[in-house]
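Please open the model in your viewer and keep the selection tool at hand. The tour below goes from one selection to the next and says what is found at each stop.

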Amino acid sequence: MAVMSSSSFLRCFLLLLLLDASRAFELQEATIDSIQHAFAAGNLTSRELVELYLDRIRSLNELLLAVIEVNPAALQEADAADRERLSGRGGCLHGVPVLLKDNIATHGGDGLNTTAGSFALLGSSAPRDAGVVRRLRRAGAVVLGKANMAEWANFRSFVAPSSWSARGGQARNPYVLSASPCGSSSGSAISAAANLAAVTLGTETDGSIICPSHLNSVVGIKPTVGLTSRAGVIPVSPRQDTIGPLCRTVSDAVQVLDVIVGFDKDDAAATRAALKYIPAGGYKQFLKVNGLKGKRIGILRRFFDFSSTDSSYKNAVFEGHFGTMRQKGAILIDDLEVANSSIILDVTQSGEAVALLAEFKLALNSYLSDLSSSPVKSLADVIEFNNQHSAEERLDEFGQPIFLAAENTSGIGATERSAIARMSQLSKQGLEKLMVEKRLDAVVAANSNAATIFAIGGYPAISVPAGYGGDGIPFGLCFGGLRGSEPKLIEMAYGFEQATLVRKPPSFRE
């Protein structure tokens, strides 16, 4: 019988240690696929994963103020997912923790608040989960908690920071703590960037997914309006509001999108109209490494004009990216401009401001009246609450002029209808005409500079990390297209991401 030498035994022991380490789950930059692989291999349970994220939130949230509260039932939900997995249930989001922006309602009995960052709604109770939350729960996802946000989706004050809320405080950019993380889905983007959750959800009316995505170096998908249900989401404008994922990779964001799209009887008109855009077989099939090949992409040059001190550096980075896209087979049509873009970007001239004020009052009053219980039942009540709690809501500092202007509206009258018609015409004669005439599959713009163009037309957009400035602040590349063009946008965004692999974890620089 052969006897193993001490040196051979040591080598075998070290090899076993290495093999065991290779099977260990790595939380940093974990993807949905790596999480599901760890579940399947028996190296991780949902409970363990939730505990890891809760530990990370406890260690970092005092610094970042990204999470407004955690779900007291998160561990129980994780345990339930673990039991289901043993019985054979699965799916891409099964057992995966998700952070929700604090304007996305969860059922009042679950112990979580939904407040849009305001003390006015603290203790209110929603009669049911938001439509997207119902879909997440059906997929087996674990609701980890609520992410901080710009209070009332940045629709209360002109001067309040776009990532501040009375309940959550001033959220901070994890790359450069003194830099703006943007909003209003600030906490969602920060949490994804800083690995506080596997995936997050945000909302957008005008820039609120795309802007925090680029400034926090994450992938954000702003879906076509109606593709995802807005039911149970504290609204600004049913005409422009949309709900989408903010994740660390295009693949993760697309897998979340697959789960949350579809018809909802509580948002019937919009979700029924958008059903025609959902492809058979879902969106994951469009994650193609060669997704840029043959795509006609228009460069909106006015949206690559940087005023920062490192503008020449950023321009050089984007030119490098354009070269990479060409190498991957994309056909770039340069120096394009959306007609009347200066008018579109001016919310007064375009009519957006007039329309949003009236739409906000109507939609918010409807949402509040549907709550099972709430300290406030109307916009007028919220205004009065702020007057009575001016210190907590920092009313003397930030005021509430947008609220007051909205309360002064009287529904959708001739002025509002004219404003809405003007935006529709601007969209048709602007992006739609350009896309058709130039036979484009998409347009690209830096950061969130073209967000309003996509917002007023209900168009989709995807932001992908594109680089980091000399100061360390991230910037992004935004792919946008016509309604229902998510399949092509996903192909291009994924192809770009895989060709560049820009994203890196945050450094938490002062």
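In this predicted model, the lining of the largest pocket is made up of 14 nonpolar, nine polar and two charged residues. To find the place, select Asn 154, Phe 155, Val 347, Leu 356 and Ile 402, which lie nearest the centre of this pocket among the 25 residues that line it. The elements that each give two or more residues to this lining are helix H13, residues 352-370, and helix H16, residues 401-407. Of the contributors, H13 gives the most, with four residues, and the volume of the largest pocket comes to about 540 Å³.

Keep H13 selected and go on to the second largest pocket, where H13 again provides the largest share of the lining, four residues. Here the residues to select are Arg 230, Ala 231, Gly 232, Asp 266 and Tyr 367, which lie nearest the centre of a pocket lined by 22 residues. Besides H13, helix H5, residues 131-138, gives two or more residues to the lining of this second pocket. By class, the lining holds eleven nonpolar, three polar and eight charged residues, and the space in this pocket is about 450 Å³.

The next stops are aromatic rings, of which the model has ten pairs. Select Trp 152 and Phe 403, whose ring centres are 5.6 Å apart and whose planes stand at 75°, so that the pair counts as edge-to-face. Because Trp 152 belongs to the loop between strands S3 (142-147) and S4 (164-165) while Phe 403 belongs to helix H16, this pair ties together parts that are 251 residues apart in sequence. Both Trp 152 and Phe 403 are buried.

Then select Phe 318 and Phe 475, a tilted aromatic pair with 5.4 Å from centre to centre and 50° between the planes. Since Phe 318 is in helix H10 (residues 311-327) and Phe 475 in strand S13 (residues 474-480), the pair ties together parts 157 residues apart in sequence. Phe 318 is buried, at a relative accessible area of 1%, and Phe 475 also counts as buried, at 1% relative accessibility. Add Phe 304, Phe 306 and Phe 322 to the selection, and you have the cluster that ring pairs link together with Phe 318 and Phe 475.

Finally, look for charges that sit over rings. Select Arg 85 together with Phe 39, where the charged end of the arginine is placed over the ring, 3.8 Å from the ring's centre. The last selection is Lys 504 with Tyr 468, where the lysine lies over the face of the tyrosine, 4.6 Å from the ring centre.

Methods:
Residues numbered from 1 in each chain as written. Predicted model: local features only at pLDDT ≥ 70, side-chain atom pairs only at ≥ 80, totals over all residues. Heavy atoms only, no water. 1 Å grid on protein atoms, 1.4 Å probe; cavity = no way out; pocket = protein on both sides within 12 Å on 5 of 7 lines; lining within 4 Å. Points joined across faces, edges and corners; volume = space filled by probe spheres on them. Nonpolar A, V, L, I, M, F, W, Y, C, P; charged D, E, K, R; others polar. Phe/Tyr/Trp six-rings, centres within 6.5 Å; stacked < 30°, edge-to-face > 60°. Buried < 20%, exposed > 50% of the residue type's maximum accessible area, 1.4 Å probe, protein only. Lys NZ or Arg CZ within 6 Å of the ring centre and 35° of its normal.
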